Amino acid sequence: MAVVYAVGVGPGDPELLTRKAERIIRQADVICAPTGAAEAGSYALSIVEQFIDRSRQEVLVQLFPMLKDQQGLDPFWEEAADQVAQRIAAGKDVVFITIGDPFLYSTYLYIHRILLAKYPEIAIEIVPGISSILAASAVSGIPLGLGGERIAILPATYENEELKRTLEEFDTVVLMKVSRVFDRVYAVLKELGREKGGVFVRRVGSGDEEVHFDLEALVGKKLDYLSMLIVRKNQL
Ligand SMILES: C[S@@+](CC[C@H](N)C(=O)[O-])C[C@H]1O[C@@H](n2cnc3c(N)ncnc32)[C@H](O)[C@@H]1O
């Protein structure tokens, strides 16, 4: 029976793909790749392009526009899930590739929910990937957790009070999706006297990787969606 594989392709460096991810991508009949904007192409696809044989494998780039209101995206998830289900019904193995890990804030999870509800008979296998969080921690030399320390991972879009509470309660805080709210988050860090304790990492693992410890220099700039902030309380 054909299977849907949700495969994490790591943060950007093809060498950070697992051997299992590479094997499953090479063997698949269909590769589905998400993109936030049709003209931008799929970042996940660019990571694995070298493992794909387009003469033998179908590549479906699926559009999920970046809307504030997730409700508005329902028709896009539905259509993507239906496209996957059609291929499965034809006996084809489908791989859905996602940046980092498929079960950590990934686009795939929206489709996963629909597949479970609408097509419960379809077999699904999750292939974990190296999350951008792990790669950002490694490249910046900032460990995520030591001994009994507590780690929080959350979208930076939370209100200031929630961000402050989290920064006070946890030893390491990873703020995803920070690009659009960076200035506000920086102001929160400054208020807590923590503005020197963070690192901003952009497109880790790719040729466009950037690591910034001077957060003030980023205020007022237009930042890349594929970036995060790691804030740690204690030095090693
Ligand atoms: C939808 S989430 C995807 C997370 C992904 N599933 C993972 O495990 O890394 C998108 C957010 O992940 C982070 N991200 C993903 N890839 C990144 C990269 N290469 N470099 C830095 N941050 C990245 C950014 O915070 C971005 O806003």
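The legends below describe close-up views of a predicted model.

**View 1. The whole protein chain.** The protein chain holds seven helices and ten strands. Its C-alpha trace spans about 60 × 35 × 35 Å along the principal axes. The radius of gyration is 19 Å. For 236 residues, a compact globule would come near 18 Å, so the two values agree. Buried residues account for 35% of the 236 residues. Of the contacts between residues at least 6 apart in sequence, 71% join residues at least 24 apart.

**View 2. The two domains and their contact.** The domain assignment splits the protein chain into domain 1 (3-127) and domain 2 (132-232). Their centres, taken over C-alpha atoms, are separated by 27 Å. Nine residues from domain 1 and eight residues from domain 2 make up the contact. On the side of domain 1 that touches domain 2, five residues are nonpolar, three are polar and one is charged.

**View 3. The largest nonpolar core.** This core has 59 residues. Val7, Val84, Val95, Phe96 and Val185 have the most contacts inside it. Domain 1 (3-127) and domain 2 (132-232) both contribute residues, so the core lies between them.

**View 4. The surroundings of Val7.** Val7 is one of the residues with the most contacts inside the largest nonpolar core. Leaving aside residues up to four places away in sequence, Val7 touches Ala21, Ile24 and Ile25. Val7 also touches Val95, Phe96 and Ile97. Pro102, Val127 and Gly129 complete the list of its partners. Two of these partners, Val95 and Phe96, are themselves among the residues with the most contacts inside the core.

**View 5. The shell around the ligand.** The ligand is surrounded by 24 residues. Gly100, Ser131, Ser132, Met176 and Met228 are the closest. By class, twelve residues of the shell are nonpolar, eight are polar and four are charged. Both domain 1 (3-127) and domain 2 (132-232) supply residues, so the shell lies between them.

**View 6. Helix and strands at the ligand.** Which elements each supply at least two residues of the shell around the ligand? They are helix H5 (132-140), strand S8 (198-202) and strand S10 (227-232). H5 gives the largest share, three residues. Ser132, one of the closest residues to the ligand, falls within the bounds of H5 (132-140). Met228, also among the closest, falls within those of S10 (227-232).

Note on methods: Residues numbered from 1 in each chain as written. Predicted model: local features only at pLDDT ≥ 70, side-chain atom pairs only at ≥ 80, totals over all residues. Core = buried A, V, L, I, M, F, W, Y, C linked by C-beta atoms within 7 Å. Buried ≥ 20, exposed ≤ 12 C-beta atoms within 10 Å, placed from the backbone. Domains from an automatic or database assignment. Contact = placed C-beta atoms within 7 Å. Helix = DSSP H or I, 4+ residues; strand = E, 2+ residues; numbered from the N terminus. Rg over C-alpha atoms; globule rule 2.2 N^0.38 Å. Near = placed C-beta within 6 Å. Nonpolar A, V, L, I, M, F, W, Y, C, P; charged D, E, K, R; others polar.
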